[in-house]
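Please work through the following exercises with the sequence and the model side by side, trying each task before reading its solution.

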Amino acid sequence: MKKLIISENLCKGCGLCVEACSRGVLSLSERTNAMGYRVTECVAPDKCISCACCAVMCPDCVIQVHREVKA
Amino acid sequence: MDKIVFRKPPLLTDAPMHYCPGCTHGIVHRLIAEALDELGEFENVIGVAPVGCAVFAYNYFKCDMFQAAHGRAPAVATGIKRARPDSTVFVYQGDGDLASIGMAEIVHAAARGENMTVVFINNGIYGMTGGQMAPTTLEGQKTTTSQSGRSAKEHGNPIKVCEMLSALTGPAYIARVSVHDVKAVKTARAALVRGFAMQKAERGFSLIEILSTCPTNFGMTPQQALCWVRDHGTAAYPLGVYKDIGLPGEGRE
Ligand SMILES: Cc1ncc(C[n+]2csc(CCOP(=O)(O)OP(=O)(O)O)c2C)c(N)n1
Ligand code: SF4
Ligand code: SF4
Ligand code: SF4
């Protein structure tokens, strides 16, 4: 299961999600989107605990967060 | 099993926002949408956008929106709410819009106790027009029109909107919050929920001041701007609830 679904096309590369994540899961990529912004990317998916702190600080609703729950 | 713990709230459209990277207008738009969603308000919501960077807010909310002349949003909202008392009306205003050209409208709407919810974005600057001094600019803060820093003697003292309006009889709920980190954002969301709950319960006027950033005109990175608000913004503008007459059932009527 993917914990983070990142709508790269909406990302403005502001870095607030990167700062909000205390686990070093996110980083700004060298890739740019159609708006010309460097996009955020998940560089350490295994460290993600689905706390959604990154998404809470994102001004552009770029990140959707999923969590694995017991059925 | 896969559970979605965070998604864009349904009241926001899919339109990409025009705000600068890291501008907190986007966070606050989302919080308004989340607060309305939490209260089950969707069909009957009418928002009033200001003049300022949020002038295009009507593109981002799925509810009905009106765009008022500079500073006049509370007057327009008064008409909307009185004509459609069953609707949930929110007003969105920057500090140039609300505390400068629109000071008369906000004071009188608050004094009348109009049953509406005002979201007041205090970023201490005129964003849209290029970073001029606002009534809320901090002492010592440099802007394009206070280049050696705002001085109380030359430019007047910063205006504390919550403190001022909470002295009036009309308002039901007045609070100042911030969005400088995750915890602050969650508190801000709760304040918006309470503001809208006041309106639903017909308790009267509510205003939530949100300390915000304008990274572009602060000349800072988005994160530096948030730290600046945390360290300097909240020192000049203390966070907290300035007035709360209580909701029905809370034993305060
Ligand atoms: C009647 C009138 N006077 C002046 C202006 C120019 N003007 C546009 S936006 C603005 C101030 C915006 O500042 P603020 O309300 O703080 O919003 P922000 O852009 O920071 O979000 C001014 C003075 C105008 N559009 N209309
Ligand atoms: S959900 Fe939490 S742990 Fe995962 S990237 Fe976002 S902030 Fe980091
Ligand atoms: S906070 Fe949002 S817009 Fe900013 S870099 Fe992260 S995902 Fe992109
Ligand atoms: S000018 Fe300032 S307030 Fe306006 S969108 Fe840019 S950062 Fe936000």
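**Exercise 1. Find which helix of chain B gives the largest share of the shell around ligand 4, and describe that shell.**

Solution. The largest share, three residues, comes from helix α8 (residues 215-218) of chain B, where helices are DSSP runs of H or I of at least four residues and strands are runs of E of at least two, numbered from the N terminus. The model is predicted, so that local features need pLDDT of at least 70 and side-chain atom pairs pLDDT 80 or more, whereas totals for chains, interfaces and linings use all residues. Residues are numbered from 1 along each chain as its sequence is written, chains are lettered from A and ligands numbered from 1 in the order written, and side-chain values use heavy atoms, without hydrogens and water.

Next, list the neighbours: the residues around ligand 4 include B:Cys20, B:His25, B:Asn123, B:Pro215 and B:Asn217, a residue being near if one of its heavy atoms lies within 4 Å. Finally, sort them: six are nonpolar, five polar and none charged, with Ala, Val, Leu, Ile, Met, Phe, Trp, Tyr, Cys and Pro counted as nonpolar, Asp, Glu, Lys and Arg as charged, and the others, Gly among them, as polar.

**Exercise 2. Identify the polar contacts of ligand 1 and the element that gives the most to its shell.**

Solution. Begin with the shell, in which 16 residues surround ligand 1, B:His25, B:Asp95, B:Gly96, B:Asp97 and B:Gly127 being the closest. Then look for polar contacts (pairs of N or O atoms within 3.5 Å): a polar side-chain atom of B:His25 lies 2.9 Å from an oxygen atom of the ligand, while backbone N or O atoms lie 2.8 Å away from a ligand oxygen in B:Gly127 and 2.9 Å away in B:Met128. Taken alone, ligand 1 exposes 590 Å², of which the protein buries 72% (Shrake-Rupley method, 1.4 Å probe). Of the elements, α3(B) gives the most, with four residues. The shell as a whole divides into six nonpolar, eight polar and two charged residues.

**Exercise 3. Which residues surround ligand 2, and how do they divide into nonpolar, polar and charged?**

Solution. The neighbours of ligand 2 lie in chain A, among them A:Leu4, A:Cys21, A:Val25, A:Cys48 and A:Ser50. Sorted by type, nine are nonpolar, one is polar and none is charged.

**Exercise 4. Check the length of helix α7 (residues 182-200) of chain B.**

Solution. At 1.5 Å a residue, its 19 residues should span 27 Å, the expected span being 1.5 Å times one less than the number of residues. The end C-alpha atoms are 27 Å apart, which agrees. Just after α7(B), B:Glu202 takes a positive phi of about 55 degrees.

Note on methods
Near = heavy atom within 4 Å. Polar contact = N/O pair within 3.5 Å; in protein donor to acceptor, adjacent residues only side chain to side chain.
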